[in-house]
Amino acid sequence: MNHYYTNDPDLAHDEHSFDFELGGHSLRFTSDNGVFSKHTVDFGSRVLIATILAEELPAGPILDVGTGYGPIGLALAKRFPDRQVTMSDVNERALALAQRNATDNDISNVTIVESSMYDQIDGQFGVIVTNPPIRAGKTIVSGILAGAAEHLLPHGQLYAVIQKKQGAPSALKLMKTIYQDASIVKKEHGYYILKIDKISVFILGVVHSGQDRKEQYDMTKSKYLALGGAVAAAAIAAGAFVCAKSLTEYFERQHQRRQVEGFVKKIFGDSDRVQTVLDKLSDDDVASLLRVSDKLRSLKDSASEYAGSARDQGMAAIDRLKAALSH
């Protein structure tokens with residue numbers, strides 16, 4: 001069976017062309033078998049485009065992840081001819097159609113890239129938009145949402161459209177563990193538009209491996225998908241260091257900052273880039289990271305205690321078995 005989020009060059013062609021108005025412009029699209037929403041621009045993409053165009057967008061290039069044959073990226077490129085729009089997908093047929101549709105609509109400010117999530121994406125963007133391939137699975141969708149952290153400018157915004165019944169609430173919950181300002185900006189006929197505004201990243205990666213107490217975000221490529229680059233985007237909360245109200249408070253904050261530095265360097269290593277990020281952490285960032293560090297330590301202690309108890313019970317069972325066999 002063919003899926004729009006995969007490649008199948010042997011799939012028979014059956015092209016379909018249609019006109020559709022998006023963002024105040026009439027656009028001509030050609031689609032084909034093996035792409036998402038072949039016969040018309042899907043409702044979720046329409047709601048996403050309308051919502052984005054009603055927002056005050058930050059400066060910078062735009063990235064459309066999972067572009068398909070291009071309705072979202074091309075609508076934005078047509079509306080913002082002075083911005084560069086990168087459109088990515090894993091489906092080669094869809095990308096060829098996106099390039100063709102750009103040409104047919106006289107849109108030249110686009111770059112078409114074959115990429116699984118962000119594998120082949122370079123640079124950072126003022127806006128990232130996505131109608132993620134829900135049927136590709138939670139791992140891919142979560143990877144797109146979380147991986148945006150590395151590719152957003154410090155003032156950047158992420159917009160995603162997901163149906164409520166296809167996991168929008170859980171996607172929002174995930175986003176709130178990574179970004180401080182995750183919210184729902186529009187709901188329409190079961191479609192949610194999720195938004196990140198002025199990115200501020202916690203550290204992604206509270207991973208607890210316990211048999212019945214497993215809390216794990218199954219991202220692709222790494223358990224820590226945010227990495228140092230994401231922390232850099234998060235930590236540029238800027239501003240000079242706020243002077244402590246008292247000397248006691250000042251030294252307490254310095255102690256907490258040293259604890260956080262040790263925690264972060266243990267995960268990401270001791271490099272100039274990491275140190276630069278740490279130097280820019282606000283007091284709120286330090287407090288958030290300290291809570292993460294404390295939770296990880298608590299989970300580690302609980303896991304060790306659990307493992308020790310299980311080992312003791314196992315040894316006792318072996319002793320009873322030996323005693324039974326000796327009779």
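**From a buried lysine outward**

Lys-195 is buried, with a relative accessible area of 9%. The cut-off for that word is under 20%, so a residue at 9% counts as buried. The model is a predicted one. Keep that in mind throughout.

What does the side chain of Lys-195 meet? It meets the side chain of Glu-55 in a salt bridge, at 2.5 Å from N to O. The two residues sit in distant parts of the chain, 140 residues apart. Lys-195 belongs to strand E9, residues 191-197. Glu-55 lies in the loop between helix H1 (43-53) and strand E3 (62-65). Glu-55 is partly exposed, with a relative accessible area of 24%. So this salt bridge joins a buried residue to a partly exposed one.

Now step back to the whole protein. It has nine helices and nine strands. Of its 327 residues, 45% are buried. Consider next the contacts with a separation of 6 or more. Residues 24 or more positions apart account for 67% of these.

How many salt bridges does a search of the whole structure find? It finds five. The pair of Lys-195 and Glu-55 forms a salt bridge. Arg-100 and Glu-15 form another, with their closest N and O atoms 2.9 Å apart. Arg-100 lies in helix H3 (residues 92-104), and Glu-15 lies in the segment before strand E1 (16-22), so the pair ties together parts that are 85 residues apart in sequence. Arg-100 is partly exposed, at a relative accessible area of 34%. Glu-15 is also partly exposed, at 43%.

Glu-188 and Lys-186 form a salt bridge too. Their closest N and O atoms are 3.7 Å apart. The limit for a salt bridge is 4 Å, so this pair qualifies. Glu-188 counts as partly exposed, at 26% relative accessibility. Lys-186 counts as partly exposed as well, at 31%.

Stay with helix H3 for a moment. Ala-98 has its place there. Is Ala-98 buried or exposed? It is buried, with a relative accessible area of 0%. Which residues does it touch, leaving out those up to four places away in sequence? They are Gly-68, Tyr-69, Gly-70, Leu-74, Met-87 and Ile-112. Met-87 is 11 residues from Ala-98 along the chain. The C-alpha atoms of these two are separated by 8.3 Å.

Move on to a pair of helices. The axes of H1 and helix H2 (residues 71-79) come within 10 Å. They cross at roughly 25 degrees. That makes H1 roughly parallel to H2, because angles under 35 degrees count as roughly parallel. The crossing in which H1 passes H2 is right-handed. Which residues meet there? From H1 come Ser-45, Leu-48, Ile-49, Ile-52 and Leu-53. From H2 come Pro-71, Ile-72, Ala-75, Leu-76 and Arg-79.

Helix H5 covers residues 168-178. Its buried residues are Ala-168, Ala-171, Leu-172, Leu-174, Met-175 and Ile-178. Why are they said to be on the same side of H5? They cover an arc of only 160 degrees around the axis, which puts them on the same side. What covers these buried residues? The cover includes helix H4 (138-147), strand E7 (152-163), strand E8 (182-188) and E9. E9 is the strand that holds Lys-195.

Two loop residues complete the tour. Asp-106 lies in the loop between H3 and strand E5 (110-114). It is not a glycine, yet its phi is positive, at about 55 degrees. Asp-106 is exposed, with a relative accessible area of 68%. His-189 lies in the loop between E8 and E9. His-189 is not a glycine either, and it has a positive phi of about 50 degrees. His-189 is exposed, with a relative accessible area of 67%.

Notes:
Residues are numbered from 1 along each chain as its sequence is written. This is a predicted model: local features need pLDDT of at least 70, side-chain atom pairs count only at pLDDT 80 or more; totals for chains, interfaces and linings use all residues. Side-chain values use heavy atoms; hydrogens and water are left out. Helices (H or I, at least four residues) and strands (E, at least two) are DSSP runs, numbered from the N terminus. Buried means under 20% relative accessible area, exposed over 50%, partly exposed in between (1.4 Å probe, protein chains only). The arc is that of the directions from the helix axis to the C-beta atoms. Contact means heavy atoms within 4.5 Å. Axes are lines fitted to C-alpha atoms, for helices over the stretch in contact, and angles run from 0 to 180 degrees between N-to-C directions. Angles under 35 degrees count as roughly parallel, over 145 as roughly antiparallel, 65 to 115 as roughly perpendicular and the rest as oblique. A crossing is left-handed if the near helix is turned anticlockwise from the far one by less than a right angle, and right-handed if clockwise.
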